[in-house]
Amino acid sequence: MTTPVVQSADESNWRFAQCFGDKGEVEDITEADIISTVEFDHTGDYLATGDKGGRVVLFERNETKKGCEYKFYTEFQSHEPEFDYLKSLEIEEKINKIRWCKRQNASHFLLSTNDKTIKLWKVFEKSVKVVAENNGSVALSSGLPPSPPPLSAPLPIVNSLSRPTTTANGTPIFRLPRMTYHDTVVAAVPRKVYANAHAYHINSISINSDGETYMSADDLRVNLWNLNISDQSFNILDIKPVNMEELTEVITAAEFHPISCNLFCYSSSKGTVKLADMREQALCDKHAKLYEEEEDPSNKSFFSEIISSVSDVKFSKDGRYILSRDYLTLRIWDINMESKPIKTINVHEHLRSKLCDLYENDCIFDKFECTFSGNGEQVLSGSYNNYFHIYDREGETDTVLQADKSAFKAKKIGGNKAAKPPAKGAKGNGKPAMDVDSIDFNKKVLHGEHSLARWMPEVETDLLYPLPLASWHPRENTVAIGAVNNLFIFAAATPSPSGAGGPA
C-alpha cells in the first residue's frame, strides 16, 4: 500500500484556468443550481454539465484563447420532476449522468439520465430566417416585371390599403415573401426516450465501443439498450434475490470496456469489482473475473464492510487497467491479474482514526469518483474541503488542488492559489495536506453524497445529495471539476504527451 509524497500546485505545474457559475458568496445558492455531473466529449472540444434542476449546459472550446479555455455554447431542460402514482414516489429531475455519443456528423448526440428515465438528445446549429421583403417591392423600385413571370391572364387591380398591385407598366404583381438569413441558434431536441426499465435508481450509463448500444445500471440490474430502440432493453445482469431479506450487496457502478464491445465491469458494495463477458451467456450472473483485495486482519473493525464498498470504477483508455475507489483508497488493477491490485493508493488513511465520528454524521457513506488520464499515467479522485488529488500511476506523487472560489479570486488579483500549501504537519512525506481536526465534511468534491448544511444552514445536516463531478480532457492534461454551483477548469502548465486526456 502506497502513501504518496504530497505536492503543491506550484511544484506540479497544475494551474487554475477558469471558473463558470456564480462567483459570489454561497449563502444564496439554490438547490437547482448545484452541479451533479460533468463530462467532456470524445474530442475535448465540448464539455457538458448537468444540475439538480434537470438542466444540461454545454460549453465549447474557445479557439480565440490560448490554452484550454471554454465558452458557453447552449443550455436546455433535459428532465422535469415527475410523480409515480403507482408507487407514490416523486422522481427528481436531477441529472445523474451524461455520456456523449461519438460524433458522426455536424450534430452532437448525448445521453442524459435522472433516477428513472434516459434521454438521447440531438444538439445542432440551425439558421433562422425572417421575411425581409417580397418580390413586389423590388419590382416597384426597378419598374421591371417581378419574378416569377407574370400570369398570362390579366388580374383585376385591387387597391387594398393603398398598396400598388401593378408595376408602372401595368403588369400585375404576384407577391411572394423573400427570406433572408437572420441568425444561427443552437437547438436541442430529444430523439429517444428510454423509460420504464428500472425499478431502482439509475447510477450508471455507459456507451459501448460498437457505437450502437449502451447499458444502464441501477442497484440490482444492468440493462443493455440499442440506441435506436427506445421501447425494448435486455437484462444482462440481475443480482436481485428471490427474497429481498437475503440481499447482501448492490451494484454501485458499471462501465463498458473501451475497446472490446463484449466486456463490461461493475462494482459492488461488498468491495469487489467484477468483469463480465456477454459472449459467455445472455445473463451475465457468473462473472469472468473477480478483483478483490482481502483486508488486513489487523485493520478489521465494525466499519470494514462500509468503507470497503466500491463507489466508482473506470477503465483506462487502452482497456488494460481498471481503477476503483472506496472510502479510504484508490486501487489500480491489471485486467489480467485478479489476485491483487498492482497499486493501492491511500487517499483518506488519515481518517481511519475518525471512522466512529464519520459514522455518526453519515459521512462514512460518502461515495467518491475516480478517473484515469487518457494515457493511463495519472489518476484523479476527490476528498473533503473541496480538495481533489492527482496521482501518478505508481502512487509516488500526490498533487493536491482545491476547487474553491479562492482560486478564481487569486487569479483575478494575479496570484496562484490553485491549491493551498500543505497544512501544518504535512512535510512532503505523505502526511495529509490538511489538518484532520479542521476538515469540513460538508464540503466535498467528486463524491456521491453532498451535504448542503454548510451552504444552507436551514437544511438538515443529514440531508445528503449525490454529486459525481469529474472529467479529464481526452487529449490534454486538463480536468473539469464541479463544486456546488461552480465549474472549475484546471490545466497543467507544461505540454502533455499525446493522448494525455481522460477516458472516452
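How much surface does the protein expose, and what share of it do carbon and sulfur atoms supply? The protein exposes about 23700 Å², and carbon and sulfur atoms supply 50% of that area. Please keep in mind that this is a predicted model. Its 504 residues include 51% that count as buried, and the protein holds five helices and 33 strands. Here is a friendly tour, by topic.

**Overall contacts**

- Take the contacts between residues at least 6 apart in sequence: 57% of them join residues at least 24 apart.

**Nonpolar cores**

- The largest nonpolar core has 16 residues, and those with the most contacts inside it are Trp14, Phe388, Val479, Phe488 and Phe490.
- Five elements give two or more residues to this core: β2 (14-20), β27 (387-392), β31 (470-472), β32 (478-483) and β33 (486-492).
- A second, separate core has 14 residues, among them Phe20, Val57, Ala480 and Ile489.
- Setting aside neighbours within four places in sequence, Phe488 is in contact with Phe16, Gln18, Cys19, Ala403, Asp404, Lys405, Val479, Ala480, Ile481 and Ala483.

**Thr478 and its surroundings**

- Thr478 sits in strand β32, one of the elements that give two or more residues to the largest core.
- Is Thr478 buried or exposed? Thr478 counts as buried because its relative accessible area is 2%, under the 20% cut-off.
- Not counting residues up to four places away in sequence, Thr478 touches Trp14, Phe40, Cys68, Ser471, Trp472, His473, Ile489, Phe490 and Ala491.
- Of these partners, Trp14 and Phe490 are listed with the most contacts inside the largest core, while Ile489 belongs to the second core.

**Salt bridges**

- Side chains of opposite charge can pair when their charged atoms come close.
- The count here comes to 16 salt bridges.
- The side chains of Arg55 and Asp33 meet in one of them, at 2.8 Å from N to O.
- Arg55 lies in strand β5 (residues 55-61) and Asp33 in the loop between β2 and β3 (35-40), so this pair ties together parts that are 22 residues apart in sequence.
- Arg55 also forms a salt bridge with Asp51, where the closest N and O atoms are 2.9 Å apart.
- Asp33, Asp51 and Arg55 are joined into one network by salt bridges that share partners.
- The two acids in this network differ in cover: Asp33 is partly exposed at 34% relative accessible area, whereas Asp51 is buried at 7%.
- Another salt bridge links Arg475 with Asp45, the closest N and O atoms being 3.9 Å apart.
- How many residues apart in sequence are the parts that Arg475 and Asp45 tie together? The answer is 430, because Arg475 lies in the loop between β31 and β32 and Asp45 in the loop between β3 and β4 (46-51).
- Both ends of this pair are partly exposed, with relative accessible areas of 39% for Arg475 and 24% for Asp45.

**Cysteines**

- A disulfide is a covalent bond between the sulfur atoms of two cysteines.
- The structure holds zero disulfides.
- Why does Cys370 form no such bond? The closest cysteine sulfur, in Cys265, is 9.9 Å from the sulfur of Cys370, so the two are too far for a bond; a disulfide would need the sulfur atoms within 2.5 Å.
- Cys370 is buried, with a relative accessible area of 1%.
- Cys101 also counts as buried, at 14% relative accessibility.

**A surface patch**

- Phe302, Tyr359 and Phe365 form a nonpolar patch on the surface, with about 310 Å² of accessible area together.
- Phe302 is found in the loop between β20 (289-291) and α3 (304-307).
- With 60% relative accessibility, Phe302 counts as exposed, because the cut-off for that class is over 50%.

**Asp238**

- Asp238 is found in strand β16 (residues 233-238) and counts as partly exposed, at 23% relative accessibility.
- Leaving out residues up to four places away in sequence, Asp238 touches Leu220, Arg221, Leu283 and Asp285.
- The C-alpha atoms of Asp238 and Asp218 are separated by 9.9 Å, and these residues are 20 apart along the chain.

Terms used: Residues are numbered from 1 along each chain as its sequence is written. This is a predicted model: local features need pLDDT of at least 70, side-chain atom pairs count only at pLDDT 80 or more; totals for chains, interfaces and linings use all residues. Side-chain values use heavy atoms; hydrogens and water are left out. Patches are made of residues with over 30% relative accessible area and no salt bridge: like charges are joined within 9 Å, nonpolar side chains (Val, Leu, Ile, Met, Phe, Trp, Tyr) within 5 Å. Accessible areas come from the Shrake-Rupley method with a 1.4 Å probe; for residues, only the protein chains shown count as cover. A salt bridge is a side-chain nitrogen of Lys or Arg within 4 Å of a carboxyl oxygen of Asp or Glu. Helices (H or I, at least four residues) and strands (E, at least two) are DSSP runs, numbered from the N terminus. Buried means under 20% relative accessible area, exposed over 50%, partly exposed in between (1.4 Å probe, protein chains only). A nonpolar core is a set of buried Ala, Val, Leu, Ile, Met, Phe, Trp, Tyr and Cys residues joined through side-chain atoms within 4.5 Å. Contact means heavy atoms within 4.5 Å.
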